[in-house]
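Visitor: Could you take me on a close look at the place where the ligand is held? I would like to know what is around it and what touches it.

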Amino acid sequence: MSEYVIEGGHRLFGECDVQGAKNSALPILAATLLCNGKSTIKNCPEILDIRATTKILEFLGCRTERKGHFLTVDPSSADGCEIPETLMREMRSSVIFLGAILARNGKVRLSTPGGCEIGLRPIDLHLDGMRRLGAEIKEEFGHIECSAPEGLKGANITLSFPSVGATENIIIAASVAKGTTTLRNAACEPEISDLADFLNSCGARISGAGQGTVVIEGVKSLNGTTHSVITDRIAAATYLCAAAVTGGEIKLNNIIPAHLGPMIEIFEDTGCKIRTESNNIRLKAPERLRSVKLIRTMPYPGFPTDIQAPVVAMLTKADGTSVLIETIFENRYKYIGELVRLGARLRVDGRMAVIEGVERLHGARVRTTDLRGGAALIVAGLAAQGTTVISEIRHIERGYEAPEKILGMLSANIKRIDTGENTDEQE
Ligand code: UD1
């Protein structure tokens with residue numbers, strides 16, 4: 001088991017690069033299954049969720065090879081149609097393989113993903129999408145089986161909610177279906193555009209990705225390609241929160257400022273000065289942040305649910321009371337109790353968190369409850385006086401590549417230590 005040990009209370013300063021986007025790399029790696037040749041994914045982050053994805057690809061029969069941030073997938077002998085429960089449990093997002101396996105092999109069997117640490121996370125929209133593309137679906141004893149022996153056919157599909165994963169599964173499956181699919185009320189996250197860019201460079205014909213209506217003209221086959229994933233906007237925003245709460249001044253390189261739009265406004269509301277250039281962002285924090293009246297998480301281009309927890313951590317030291325409403329996931333405040341251990345003053349009422357800023361946080365032992373909640377503990381730990389020890393960091397390592405190194409480059413005093421015990425359970 002490993003822990004992060006943080007000596008907090010110091011200003012962050014300096015500059016660094018930001019990792020590739022987890023939420024782009026995952027669907028793109030699933031989509032490599034549809035290619036007739038090898039694909040190389042560049043800027044692929046070295047994180048636990050990608051390791052789990054690689055295990056699934058290999059279980060399905062792909063050959064994979066990692067060299068630094070390059071991951072090559074050769075799907076030529078991938079005839080597997082089933083993902084075992086152990087691998088499904090290792091990564092909740094493995095439902096992202098649904099459309100790719102179905103389109104490649106005409107059938108797929110998955111165990112029902114069930115709830116996870118941030119909520120129930122049903123997959124009804126994914127299944128409805130596959131049904132509309134012509135799949136037959138059987139759900140029994142914790143398993144889902146989809147089959148389309150005659151192949152998938154283009155369809156008109158309107159999502160009742162712009163689910164990111166359902167949008168991705170439908171785009172992937174429809175890219176090799178017979179005929180044209182029009183997907184309405186699609187999710188608009190930048191990672192969807194990145195997936196479409198990857199598929200288009202494999203020969204797919206997808207237009208409108210990143211907007212509410214996506215049109216996918218099915219093609220007969222896709223070739224392999226080389227694609228570089230976009231920068232992780234959530235990791236970037238997490239490091240900005242860390243700089244802001246410590247009164248710091250940092251510059252993040254190789255980012256796409258437009259993807260940080262709604263987050264930049266929040267930093268400005270707290271009194272931070274932000275300057276962006278074509279591929280970098282600078283943040284200079286005031287001595288004390290101002291509180292923010294109301295933040296509501298929304299689908300893109302609204303304020304992202306994934307940055308909710310680090311922003312709450314940042315606001316724990318702001319001057320005044322802030323309110324945050326989580327509209328996307330029902331159970332995304334589990335980390336709040338741990339922030340209270342660091343001296344934060346907050347309360348949660350259903351989907352609303354009320355944060356009364358305090359002048360000082362103090363170091364303590366805290367436990368990670370989920371990926372972004374864990375990132376919030378790092379942000380708060382950096383701002384707290386004294387030593388903070390964060391346990392169960394495997395949650396954080398699912399999505400953040402070596403945060404101790406990145407934050408070290410930004411002058412933080414944070415170490416990852418191995419405690420020798422092994423009490424980690426599988427999620
Ligand atoms: C993706 C991201 C995750 C992010 C989320 C919202 C990946 C790997 N993960 O997750 O980091 O927090 O988008 O931006 O990209 N829903 C249904 N039925 C469905 C699917 C979703 O009711 O079939 C609900 C969910 O329970 C949730 C909401 O829709 O309340 C949003 O989920 P969705 O956009 O699908 O998120 P994910 O794709 O799981």
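Guide: Happy to. Let us start with one contact: a backbone N or O atom of Val 164 lies 2.8 Å from an oxygen atom of the ligand, a polar contact, meaning a pair of N or O atoms within 3.5 Å; within protein, one must be able to donate a hydrogen and the other to accept it, and residues adjacent in sequence count only if both atoms are side-chain atoms. Taken alone, the ligand exposes 740 Å², and the protein buries 85% of that (accessible areas by the Shrake-Rupley method with a 1.4 Å probe; for residues, only the protein chains shown count as cover).

A word on the source: this is a predicted model, where local features need pLDDT of at least 70 and side-chain atom pairs count only at pLDDT 80 or more, while totals for chains, interfaces and linings use all residues. Residues are numbered from 1 along each chain as its sequence is written, and side-chain values use heavy atoms, with hydrogens and water left out.

Back to the contacts. Ser 163 places an N or O atom of its side chain 2.6 Å from a ligand oxygen atom, and Leu 125 has a backbone N or O atom 2.7 Å from an oxygen atom of the ligand. Both Ser 163 and Leu 125 are listed among the closest residues, along with Asp 124, Asp 306 and Ile 328. In total, 18 residues surround the ligand, each with a heavy atom within 4 Å of it. By type, this shell divides into eight nonpolar, six polar and four charged residues (nonpolar: Ala, Val, Leu, Ile, Met, Phe, Trp, Tyr, Cys and Pro; charged: Asp, Glu, Lys and Arg; polar: the others, Gly among them).

Now for the elements behind the shell. Helices H1 (22-31), H5 (124-132) and H6 (164-174) each supply at least two of its residues, and H5 gives the most, with three; helices are DSSP runs (H or I) of at least four residues, numbered from the N terminus.

Finally, the wider setting. Domain 1 (2-18 + 231-418) and domain 2 (22-228) both give residues to the shell, so the ligand lies between them; the bounds come from an automatic or database domain assignment.
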